[in-house]
Structures are given as structure tokens and as C-alpha cells.
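Trainee: I would like a close look at a single part of this protein. Please take me through it step by step, and then set it among its surroundings.

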Amino acid sequence: MATKKKKPMISPNTKLFLILLLIPITLTIYIFAYFSWKEFRFPFSDFFAEKSVYQQIQEQFDMEIPIEYIPVYVEAEQKYGVPWTLLAAHHRVETRFSTMKSLVSPVGAEGHMQFMPCTFVGWKHPSCKGLGQGEISEKEKTNPAVIQKYGGYGVDANGDGIADPFDIEDAVHSAAKFLARAGVKDGQFKKAIFQYNHSDKYVEDILYYYNQYKDYGEQLKEIALQTK
């Protein structure tokens with residue numbers, strides 16, 4: 001017995017109609033997707049291009065300058081007039097950008113930028129003599145009022161009521177304050193650096209990194225502030 005052929009669910013004419021209907025819809029979706037991709041593509045490509053430039057610059061140095069520290073250096077530069085690249089050079093030489101196992105030196109210098117307690121609190125403190133370790137309590141050492149009384153360089157940069165050499169903002173601003181007063185604001189870089197650490201080799205090392213960093217200073221600052 002012959003079997004009946006099943007009628008197709010969609011007739012050829014209906015199929016043709018649907019195909020013709022889908023063509024403009026498909027084109028519209030494609031065009032929309034294409035221009036949306038172009039619109040969003042360029043900002044991201046610019047971002048990755050900047051990151052690439054950043055990495056290329058950092059590869060010129062023996063140690064990468066941590067990007068999160070650059071805005072801190074820049075804020076101190078704006079307040080005290082000390083180039084941020086000079087502050088970065090001091091940070092590099094003093095504690096290798098705070099990567100050293102201990103931020104207290106054998107002679108008693110403390111924190112990210114290695115201040116002797118008497119320099120941080122002030123040499124007018126009655127216990128200050130010799131190398132400047134002093135017998136200063138922790139409460140006194142971080143008290144802005146005590147520091148002001150004894151003429152120290154410690155700064156409460158972030159406004160938390162404490163001037164702490166182990167806080168990166170306080171430490172960098174304190175270093176900028178010291179260097180500015182020691183001669184940097186007058187263009188006497190060597191004199192100021194020598195005052196920070198009485199060593200000709202130290203001055204040489206700081207100037208080496210400063211001269212290296214300043215060639216890329218504006219580019220690094222722009223990238224760091226954009227990603228802050």
C-alpha cells in the first residue's frame with residue numbers, strides 16, 4: 001500500500017518570504033555590532049598601548065618603580081617643589097622601593113625613606129646626640145605637635161593625626177620637606193642630597209637614578225595618574 005507523502009510544514013513560498021525578511025534583519029544586526037565594536041575597541045586599545053609604553057619604560061630601569069607610589073611622589077612634588085623623580089631615586093636607594101626585609105637600618109634609620117629618629121622628630125629633642133637615634137618614645141615620635149616643637153621633618157601627609165616614617169605618604173612628604181629645605185628648592189641638588197646622607201657615593205647613586213628617571217618622568221606620571 002502506497003504511503004502518503006507528508007506535506008512540508010512550511011511551503012516554498014513561505015520559506016522564500018522568511019529568507020527575504022531575515023536578510024535586512026541580519027544586516028542591521030551586523031552593522032550595529034560592527035560599529036559598537038569600533039566604538040569600544042579604541043579606548044581599550046589605547047589603554048593597552050599605554051600599558052605597553054609603561055612596561056617599555058620600566059624595562060630601562062634595574063628595578064621597576066611601583067606605579068602605586070608615583071602619585072605619592074607627585075603629590076609631594078606639588079607641595080614642596082622637589083621633583084618626583086628625585087624622591088623616587090631616594091626611595092630606590094634607601095629601601096629599594098620598600099622591598100627590603102627590614103625598614104630599620106643597623107644604625108637606626110627608620111621607614112620607607114630611612115629617617116634617623118632625631119631628624120624626623122627634631123634635633124632639639126633633649127635625648128638627641130651622636131648619630132641621631134635618641135631615646136624617643138613611639139608616642140612622641142609620631143606626634144605632629146611634638147615634631148613641630150622640636151623642629152623635625154616628620155609630616156602627617158594623609159591627615160590621620162600621625163606622622164609615621166613607616167607610612168609611605170608621610171615618609172615621602174617628610175623626605176620632600178627635608179630636601180626642599182636642604183637646597184633643592186634653590187637648585188642645589190648635590191648639597192641637599194649630601195645633607196640627606198653624608199656620602200659622596202650616596203650623592204652619586206641618587207643622581208644616577210634621578211637622571212635616569214627624569215627622562216621618562218612626564219610619561220610615567222601621566223600613565224600613573226590615569227590609572228590611580
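**The loop between α3 and α4, and the helices around it**

Mentor: Start with Arg96, which is partly exposed, with a relative accessible area of 38%. Bear in mind that this is a predicted model. Arg96 sits in the loop between α3 and α4. Its phi is near 50°, a positive value in a residue other than glycine. Most residues other than glycine have a negative phi. Ser98 belongs to the loop between α3 and α4 as well. Its phi, too, is positive, near 65°, and Ser98 is not a glycine. Is Ser98 buried or exposed? Ser98 has a relative accessible area of 17%, so it counts as buried, the limit being under 20%. Arg96, at 38%, lies between that limit and the 50% above which a residue is exposed, so it is partly exposed.

Now move along the loop to Gln114. This residue lies between α3, residues 84-95, and α4, residues 117-121. Gln114 is buried, because its relative accessible area is 14%. What does its side chain reach? It reaches the backbone oxygen of Gly111, at 2.9 Å. Leave out residues up to four places away in sequence, and Gln114 touches Glu94, Thr95, Leu103, Val104, Ser105 and Ala109.

Next, take α3, the helix that leads into this loop. α3 packs with helix α9, residues 200-214. The angle is about 130°, and the axes are 8 Å apart. That makes α3 oblique to α9. The crossing of α3 past α9 is right-handed. Which residues of α3 meet α9? They are Thr85, Leu86, Ala88, Ala89, His90, Arg92, Val93 and Glu94. On the α9 side they meet Tyr202, Asp205, Ile206, Tyr209, Tyr210, Tyr213 and Lys214. By class, this contact of α3 with α9 has 9 nonpolar, 2 polar and 4 charged residues. Glu94 is worth a second look: it is among the α3 residues that meet α9, and Gln114 in the loop touches it too.

Step back to α2. Its buried residues are Ile70, Pro71, Val72, Tyr73, Val74, Ala76 and Tyr80. What covers them? The cover includes α3, α7 (168-182) and α10. So much for the list; take α10 in detail. Helix α2, residues 70-80, and helix α10, residues 217-226, pack at an angle of about 110°. Their axes are 9 Å apart. That makes α2 roughly perpendicular to α10. α2 passes α10 in a left-handed crossing. From α2, the residues in this contact are Ile70, Pro71, Val74 and Glu77. From α10, they are Leu220, Lys221, Ala224 and Leu225. The contact of α2 with α10 has 6 nonpolar residues, no polar ones and 2 charged ones. Ile70, Pro71 and Val74 appear in both lists: they are buried in α2, and they meet α10.

Then look at Tyr80, also in α2. Tyr80 is buried, with a relative accessible area of 13%. Its contacts include Val155, His173, Ala176, Lys177, Ala180 and Lys185, once residues up to four places away in sequence are set aside. Tyr80 and Phe178 are 98 residues apart in sequence. In space, their C-alpha atoms are 9.3 Å apart. Just after α2, Gly81 takes a positive phi of about 75°.

One residue of α7 deserves a stop: Ala182. Ala182 is buried, with a relative accessible area of 11%. Setting aside residues up to four places away in sequence, Ala182 touches Lys191, Ala192 and Gln195. Ala182 and Ile193 are 11 residues apart along the chain, and their C-alpha atoms are separated by 7.9 Å.

Last, the whole protein. How many helices and strands does it have? There are 10 helices and 0 strands. Along the sequence, the pattern reads α-α-α-α-α-α-α-α-α-α. Of the 228 residues, 41% count as buried. Take contacts between residues at least 6 apart in sequence: 54% of them join residues at least 24 apart. Keep these totals in view when you return to the loop between α3 and α4, where Ser98 is buried and Arg96 is partly exposed.

Definitions and conventions. Residues numbered from 1 in each chain as written. Predicted model: local features only at pLDDT ≥ 70, side-chain atom pairs only at ≥ 80, totals over all residues. Heavy atoms only, no water. Helix = DSSP H or I, 4+ residues; strand = E, 2+ residues; numbered from the N terminus. Buried < 20%, exposed > 50% of the residue type's maximum accessible area, 1.4 Å probe, protein only. Polar contact = N/O pair within 3.5 Å; in protein donor to acceptor, adjacent residues only side chain to side chain. Contact = heavy atoms within 4.5 Å. Axes fitted to C-alpha atoms, helices over the stretch in contact; angles between N-to-C directions. Parallel < 35°, antiparallel > 145°, perpendicular 65-115°, else oblique. Left-handed = near helix turned anticlockwise from the far one by under 90°. Nonpolar A, V, L, I, M, F, W, Y, C, P; charged D, E, K, R; others polar.
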